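Visitor: Could you take me through one part of this structure in close detail, and then show me what lies around it? I would enjoy a connected account rather than a list.

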Amino acid sequence: MRTAKDCFKILRDIRDTSMATVGKDGLPRLRIIDTMLVESDDEGDRLYFLTARGKDFYRELMENRYVAITGLNDRWETVRVRGKVANAGQELLEKIFIENPSMNNVYPGDTRDILEVFCLYEGEGEYFCLATEPIERESFSFGPGEVTEKGYEITNECIGCGTCSTGCPQKAIDDGQLYVIRQNNCLHCGRCYENCPVQAIIRK
Ligand code: SF4
Ligand code: SF4
């Protein structure tokens, strides 16, 4: 089972991750922002990034304190997380510059004093891999965050006709007295939900 620590490590290895905020107009804003540092210890799992005080991104973070991050690596593994961020000031700047030396080209010398570090410390996420057959997905939370159940579920109304299992693109439904969706292999495509003759499948 993949943990938040494992998935933060994937984002750190990707490094150039996509990060979304909500703008003042209530619409999404998406940018490539480097995942600069990840830490996991007794205090939890944390992901750090930084930005300059003059940027819209900084203002959106200070006003909303919430981000969504996603990245895809060359093994077709996607990690996406969303959660709360805190302004971590400049205490970690030096460590971040040591671990990401290219930052010295972007903000040489003391120009780094315009930067502030942000920490993602609470939320939930998902690991998704399209390279396996069937596909794999796992959910995780970090900090006091909890996993929000998503996808589809077969209820006691199931009459065992097998339509859902036959038509599932990932063959992710096991037969039995009641058919069961293997959640870790499900695409969340909804095809079983649309085709069940007795509406025994619910959206979670
Ligand atoms: S299609 Fe509906 S009734 Fe048929 S096996 Fe699937 S869940 Fe059960
Ligand atoms: S939602 Fe799609 S992938 Fe998941 S069990 Fe139903 S048909 Fe299969």
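Guide: Happily! Let us start at a single pair of residues: Cys-129 stands opposite Glu-136, a residue of strand β8. Please keep in mind throughout that this is a predicted model. The pair belongs to a hairpin formed by β7 and β8, with six residues between the two strands. Strand β8 covers residues 136–142, and seven bridges join β7 to β8 in an antiparallel arrangement.

From here we can follow β7 to its other partners. Strand β6, residues 77–89, also runs antiparallel to β7, and 12 bridges join these two. If you would like one pair to find on screen, look for Val-85, whose bridge partner in β7 is Leu-120. Then there is strand β4, residues 44–52: six bridges link β4 with β7, which spans residues 115–129, and once more the strands are antiparallel. A handy place to look for this pairing is Tyr-48, which sits opposite Cys-119 of β7.

Now let us step back to the chain as a whole. The domain assignment divides the chain into domain 1, residues 4–142, and domain 2, residues 152–203. Measuring between centres taken over C-alpha atoms, domain 1 and domain 2 are 35 Å apart. Five residues of domain 1 and six residues of domain 2 take part in the contact between them. On the domain 1 side, the residues that touch domain 2 comprise two nonpolar and three charged ones, with no polar residue.

At the start of domain 1's range, which runs over 4–142, we can turn to helix α1. This helix covers residues 4–14, and its buried residues are Ala-4, Cys-7, Phe-8, Ile-10, Leu-11 and Ile-14. Viewed down the axis of α1, these buried residues fall within an arc of 150°, so they line one face of the helix. Right after α1 comes Arg-15, with a positive phi near 70°.

One last stop is ligand 1. There are 13 residues around ligand 1, and those that come nearest are Cys-158, Cys-161, Thr-163, Cys-164 and Cys-196. Sorted by class, the shell around ligand 1 holds 10 nonpolar residues and three polar ones, while charged residues are absent.

So much for the tour. To retrace it on screen, you might begin again at Cys-129 and Glu-136, pass to Val-85 and Leu-120, and then go on to Tyr-48 and Cys-119.

Conventions. Residues numbered from 1 in each chain as written. Chains lettered and ligands numbered in written order. Predicted model: local features only at pLDDT ≥ 70, side-chain atom pairs only at ≥ 80, totals over all residues. Domains from an automatic or database assignment. Contact = placed C-beta atoms within 7 Å. Nonpolar A, V, L, I, M, F, W, Y, C, P; charged D, E, K, R; others polar. Near = placed C-beta within 6 Å. Buried ≥ 20, exposed ≤ 12 C-beta atoms within 10 Å, placed from the backbone. Helix = DSSP H or I, 4+ residues; strand = E, 2+ residues; numbered from the N terminus. Arc of directions from axis to C-beta. Pairing = 2+ DSSP bridges.
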